[in-house]
Structure formats: structure tokens, C-alpha cells
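Please report on this model for a computational chemist. Cover a buried helix, the nonpolar cores, the ligand site and two buried residues.

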Amino acid sequence: MCGIIGYIGHQPATPILINGLRRLEYRGYDSAGVALLERGKLAVTKRAGKVEQLACAVDEAAAATAGIAHTRWATHGRPTRRNAHPHTSGGRVAVVHNGIVENYAELKAKLQAAGYRFTSQTDSEVLAHLIDHKLASGGDVLAATTAALTEVVGTFGLAVVCREQPDQLIAARRGSPLLIGLRADETYLASDATALVGHTDQVVYLEDDEVAVCTRGRYRLVDLQNRERARQSRTIELPLGTADKGGYDHFLLKEIMEQPQSVTDGLRGRLSSAEGISHLGGLNLTEPQLRGFGRLLVIGCGSAYYSGLVGKYLLERLTGLPVDVEFASEFRYRQPVLAPGTLCVLVSQSGETADTLAAMRELKRRGLPTLGLVNVVGSSLAREVDGGIYLHAGPEISVASTKAFTAQVVAQLLLGLKIARHRDLSLAEGQEIVAALGGLPGVIARVLESAPRIKAIAAKYAGCRQAMYLGRDSLYPVALEGAHKLKEISYVQAEAYPAGEMKHGANALIDEELLVVFLTPRNALYAKARSNLEEVRARGSQLIALGTQGDQDIAKLARDVITIPPVSPWIEPIVANLPLQLLAYYMAVERGTDVDQPRNLAKSVTVE
Ligand code: AGP
């Protein structure tokens with residue numbers, strides 16, 4: 001989603017800003033722009049399309065040592081040069097904005113009545129004019145910004161520069177992340193720590209309704225009433241190497257292939273085979289608390305939600321507790337009936353998803369304990385939950401989630417194991433799960449060796465127009481995630497059903513053109529799934545089966561078979577998902593889509 005980078009220091013600002021935008025590209029965007037403070041003037045350059053087009057249009061050798069820049073992901077108004085940020089007002093003020101100004105129409109009408117001319121279709125442009133309007137009634141750019149923001153309904157991560165105060169950048173946050181980076185006599189602004197790689201690991205996170213005045217190497221924080229706020233900078237672990245595809249054609253493939261390592265990292269120091277339990281330092285829950293929960297509630301969006309659905313099957317079996325799973329976007333506006341004694345688990349790669357954050361805040365307001373299963377260290381969700389488990393999957397750059405999804409399921413297993421061992425799970429059962437998890441990185445490595453075979457299969461079916469993924473039990477949510485991945489990156493219409501549900505409606509879709517991906521490894525429901533597979537075969541669809549190595553029976557029924565080794569049921573959904581990641585990836589490559597930055601999608605969805 002939209003990205004912000006700002007710089008004020010003694011080096012030429014343009015290359016720093018452009019490189020910062022390049023690091024933010026993975027978030028998804030459709031246009032980009034930069035505003036430089038140079039010799040008493042504001043120089044603004046914007047382009048629709050990629051950062052490289054902007055890079056060609058700016059003078060990298062320009063003398064300016066301060067400026068702000070932005071990648072835009074269109075919400076209000078098409079992705080055009082005019083709608084790109086920065087937005088300016090009278091050549092005096094320039095702003096870049098992440099978020100949505102919900103009352104922009106009302107503010108715009110007032111500003112138009114006051115004589116302001118609008119040149120874009122965006123909600124963000126009102127911020128530039130509103131700040132300029134406040135400046136006209138006296139005071140400095142800080143006072144003008146705080147005054148303007150008290151009138152704004154909505155969310156913002158905002159950076160402002162003003163021609164008349166060229167030695168400062170103003171930053172403000174409500175609901176959209178923003179951090180200040182500090183280094184000697186230089187100060188950076190970024191919506192995402194990735195943009196600071198190579199510059200500094202000393203950061204200050206802005207909280208909601210805070211405004212910062214950034215000068216060279218210094219900052220000052222106030223709230224919207226101009227009251228001082230004190231906050232020390234902290235050292236963060238920067239996601240080094242993120243911009244490097246490591247020899248792969250796409251970040252997505254790199255991230256799929258990294259999974260033996262990312263799972264190893266997520267498990268490091270967390271498994272005790274002697275006690276058959278997981279050690280999770282960040283839960284902030286006592287043993288009596290862990291024993292006392294009567295229900296679990298798992299909330300997320302997209303793949304994080306699907307990981308929660310996989311988790312439901314695993315956690316209910318492990319803990320004996322009922323587990324509800326909810327889309328954050330639905331949960332936040334429902335009237336949920338929340339039983340006391342519910343442990344709430346918020347799942348998010350980025351830790352910045354607006355709906356998931358809103359759900360978490362609602363849960364806290366209702367007094368329920370919240371845990372975050374989060375990948376990005378220091379993200380808003382990670383900072384605001386009562387406790388949690390970092391996924392340690394490493395930076396995930398490709399918009400489509402792969403290694404983070406795997407890590408989310410692993411984290412739920414670790415959590416379930418911990419709770420279950422404080423309840424009824426026996427030592428022997430606990431040790432069985434520890435052994436299965438301990439062996440998981442090796443199994444993943446073996447499954448990923450089948451990439452060339454999956455590539456060849458993908459080439460055969462890449463022309464399909466519709467796909468249906470089918471599975472039973474915990475492989476049903478894996479089917480949902482498989483279909484989600486195919487949709488996201490190859491733009492093929494894909495659906496998923498529990499295999500036993502087909503005859504209740506979905507069978508009507510089956511014809512010779514439909515691609516069916518059937519998950520039928522040799523597990524407890526194999527016989528049931530196999531007979532569902534026969535039904536699909538009888539209707540002549542293009543059938544790929546995912547089965548267990550050595551299953552000759554399946555090989556006779558399906559046109560193509562992808563195999564996984566026989567594994568413990570505790571890790572089967574994780575293992576079965578890997579070939580589906582590869583299948584979606586190679587189909588997308590065959591179809592020539594923008595694999596790492598699929599159209600209309602953003603890596604982290606920080607607006608509703
Ligand atoms: C996954 O491939 C998607 N990009 C998307 O569904 C994602 O999982 C969802 O937006 C949630 O993101 P989060 O994990 O950062 O909260």
C-alpha cells in the first residue's frame with residue numbers, strides 16, 4: 001500500500017528518497033512522486049507507473065538536502081500523474097499522505113469556498129490546502145498542521161514540507177504507521193522500516209494523533225493540542241538484504257524456497273522434546289491463565305485468516321477448546337458475543353493491517369486478552385497486543401504471502417502445544433508434536449525439490465480460466481489458501497470447497513474446462529476424499545491430485561499427480577500447502593503476470 005520516505009540532512013536528498021521508494025515498492029503502488037526543498041522553492045515531480053519512471057524524471061544530482069516522497073496505491077481517483085503525491089498548495093506546502101480523509105468532501109467544499117483550486121481527484125489534496133489555509137491565519141507549519149489535523153476525520157501517515165520553513169519536515173500519524181529514523185545530523189521519515197535499510201537502525205515510532213517536527217538529527221513530538229510528548233529512540237533489527245532476490249527471478253520464489261530456513265528460525269529455542277512442550281517467552285500469560293481459557297478466537301485477513309482456519313482444526317484437536325475464526329473486517333463491525341475466558345489471537349504478517357488492528361483494539365476495549373502472531377518486529381499490532389509470538393519468517397517482500405502463512409500455522413501449533421500441555425495433552429502426545437515440528441524444515445526442503453515437476457505441470461494448465469481446489473478436514477482451509485494464491489498472482493478465477501460439499505452445489509461447475517486441484521493424501525479421510533475424487537473424474541474435468549508418495553491408486557485416477565511424503569497429521573496442512581504455492585507461482589509466470597506486485601493488490605492494507 002502507499003509508502004512514505006522523507007529526509008533532512010546534509011547529503012543530496014534525491015537519491016536517498018528514490019532508493020527509499022525502491023525499497024517500498026514491494027508494498028504495491030501505481031504512481032510515485034517527490035517534493036524537494038531547494039533554494040527557497042518546492043520542486044515537485046510525479047509520475048504514474050513505476051518508481052523507475054520517476055527516477056528518470058528527477059535530477060539525482062540536485063542540491064536539495066531535504067524532501068519527501070511517496071508511492072501511491074489508488075483509493076480516491078485513478079492512478080494518474082495528477083493524482084500522485086506529493087500534493088501541493090500554492091507552491092508553498094507539499095504533503096504526502098497514507099490513509100483516507102473520510103470527511104474530504106466537506107473539507108474540500110469549505111476550501112473551495114475560500115478560493116482554493118483542486119487539481120486532483122484525491123482525498124489527500126485537501127490536506128495540503130487545509131494546512132496552507134491554516135498557515136494563512138498565522139503561525140508556523142507545525143501549528144498549521146496540528147490545527148488542520150484536528151478537523152480531519154479518518155486516518156493518516158502524513159509528511160509535510162513548507163517552502164518558508166525549509167529546515168524542517170513535519171510528520172503526523174493516526175492509524176497509518178510512520179517512524180522517524182535518526183543518524184548523527186540526519187533525520188529520516190518512513191512508513192516502513194524497510195525504507196531505512198542502509199541508513200539507520202535508531203528509530204522513534206509515532207503514536208496515533210502525534211505530530212513530529214524533524215530537523216537535522218533531531219525531532220520533537222507533540223500531540224494535536226501542541227502538548228509535548230517525550231519518547232526515546234530505540235534500536236530495531238532492520239530487515240537487511242530485503243531488496244535482494246538472491247538469484248531467483250522473483251521474490252515470491254525466493255520466499256517459497258526460504259521456508260526450510262524460515263521455519264527453522266521460527267522454531268529456534270522454542271521446542272522442548274524432554275517436556276513435549278513449546279517455550280514462548282512473549283505470551284505474558286501465567287500457567288493458571290493458560291489453563292483457565294475456555295475458548296479461542298483467531299482473527300486475521302486474507303492468508304492470515306486462512307492460516308487461522310487451518311489453526312482451528314489443529315488447535316481444537318490439541319487443546320479441546322472451541323476455536324472461532326473471523327475475518328477482521330467483519331468482526332470489527334459486528335456485535336460479537338464474546339465469552340469471558342476467551343483468548344484472542346490476532347494473526348498478521350505486517351502487523352499493520354487496518355482491519356486487524358481495529359479488531360484488536362475492540363477486543364482490548366472489551367477487556368479480553370490479546371496475543372499477536374506477527375512477522376514484522378515493532379509493527380503496530382506487535383506493540384499494542386498484550387503478548388505474542390513473533391513469526392521470525394524474515395522479510396516477506398512479495399505481495400502474496402507464502403513463508404509468512406507457513407510461519408503463522410507453525411506459530412498456532414506452538415501456541416496450541418503450550419496451552420494443551422498445561423491442560424490434558426500427555427507428554428507422549430506432546431513429544432510426538434515436537435518431533436513432527438522438529439522434522440518440518442527437512443520435510444519442506446524435500447517437498448520443494450519437486451519444483452521442476454510442478455513447473456512442468458503448471459505449464460500444461462496455465463491456460464485454464466477457472467480452477468477449483470478441494471480438500472477435507474484441515475486440507476479444506478489449505479484448499480482455500482491455494483485458491484487464494486492462484487487468484488492473487490495468476491488472476492485465474494479460483495474457488496475452494498470442502499470436498500464433501502461438492503454434491504451440494506459446486507458439482508454443477510464441473511466440466512472439461514475446469515481445472516480441479518484435489519488434495520487427497522493418505523490420511524484418516526483418504527477413503528472419503530478418494531470417492532469424491534472419483535466423482536470429479538467421472539465428470540471429465542482437468543484433474544491434478546495432490547497425494548502421498550507411492551500412492552499408485554491416485555496416479556491412475558488423476559491426469560497429473562503432485563506428491564508429498566507421508567507426514568504426521570499435525571504438519572500435513574503445512575506440507576500440503578507448499579506444492580500449491582509452487583503451482584500458483586509457475587502458473588503466474590506462464591501467464592506473464594506481475595508476480596511480486598500483482599495488479600490492484602498491496603502488501604499491507606493499512607486502509608479499510
Ligand atoms: C496474502 O497472499 C495476501 N497478500 C493477503 O491476503 C494478506 O494475507 C492479508 O492482506 C493480510 O495481511 P497481513 O498478514 O499483513 O495482516
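Helix α5 (residues 141-149) is largely enclosed by the rest of the structure, because 7 of its 9 residues are buried. Buried means under 20% relative accessible area, exposed over 50% and partly exposed in between, with a 1.4 Å probe and protein chains only. The buried residues of α5 are Val141, Leu142, Ala144, Thr145, Thr146, Ala148 and Leu149. Their cover includes α4 (125-136), along with the strands β7 (156-162), β8 (169-174), β12 (210-215) and β13 (218-223). Helices (H or I, at least four residues) and strands (E, at least two) are DSSP runs, numbered from the N terminus. Contact means heavy atoms within 4.5 Å.

The model is predicted: local features need pLDDT of at least 70, side-chain atom pairs count only at pLDDT 80 or more, and totals for chains, interfaces and linings use all residues. Residues are numbered from 1 along each chain as its sequence is written, and side-chain values use heavy atoms, with hydrogens and water left out.

**Domains and cores**

The domain assignment splits the chain into domain 1 (2-235), domain 2 (244-448) and domain 3 (450-595). Such bounds come from an automatic or database domain assignment. Taken over C-alpha atoms, the centres of domain 1 and domain 3 are 46 Å apart.

A nonpolar core is a set of buried Ala, Val, Leu, Ile, Met, Phe, Trp, Tyr and Cys residues joined through side-chain atoms within 4.5 Å. The largest one has 93 residues, and Leu437, Leu440, Tyr469 and Leu583 touch the most other members. Helix α19 (residues 572-591) gives the most to this core, 12 residues. Domain 2 and domain 3 each supply at least three residues to this core. Beyond its neighbours within four places in sequence, Leu440 contacts Val263, Val410, Ile571, Ile574 and Val575. A second, separate core of 29 residues includes Val95, Val126, Val152 and Phe156.

**Ligand site**

There are 14 residues around the ligand, and Ser348, Gln349, Ser350, Thr353 and Glu488 come nearest. Near means that a heavy atom of the residue lies within 4 Å. Three polar contacts (pairs of N or O atoms within 3.5 Å; within protein, one must be able to donate a hydrogen and the other to accept it, and residues adjacent in sequence count only if both atoms are side-chain atoms) are tabulated here.

| Ligand atom | Protein partner | Distance |
|---|---|---|
| Oxygen | Gln349, polar backbone atom | 2.6 Å |
| Oxygen | Ser350, side-chain N or O atom | 2.6 Å |
| Nitrogen | Val399, polar backbone atom | 2.8 Å |

Alone, the ligand exposes 410 Å², and the protein buries 92% of that. Accessible areas come from the Shrake-Rupley method with a 1.4 Å probe; for residues, only the protein chains shown count as cover.

**Two buried residues**

His70 sits in strand β4 (residues 66-72). His70 counts as buried because its relative accessibility is 0%. The side chain of His70 makes a polar contact with the side chain of Asn98 at 2.9 Å. A polar atom of the His70 side chain also lies 3.0 Å from the backbone oxygen of His97. Leaving aside neighbours within four places in sequence, the contacts of His70 include Cys2, Ile4, Leu21, His85 and Val96.

Thr14 lies in helix α1 (residues 13-24). Thr14 also has 0% relative accessibility, so it counts as buried. Not counting residues up to four places away in sequence, Thr14 touches Leu36, Val58, Asp59, Glu60 and Ala62.
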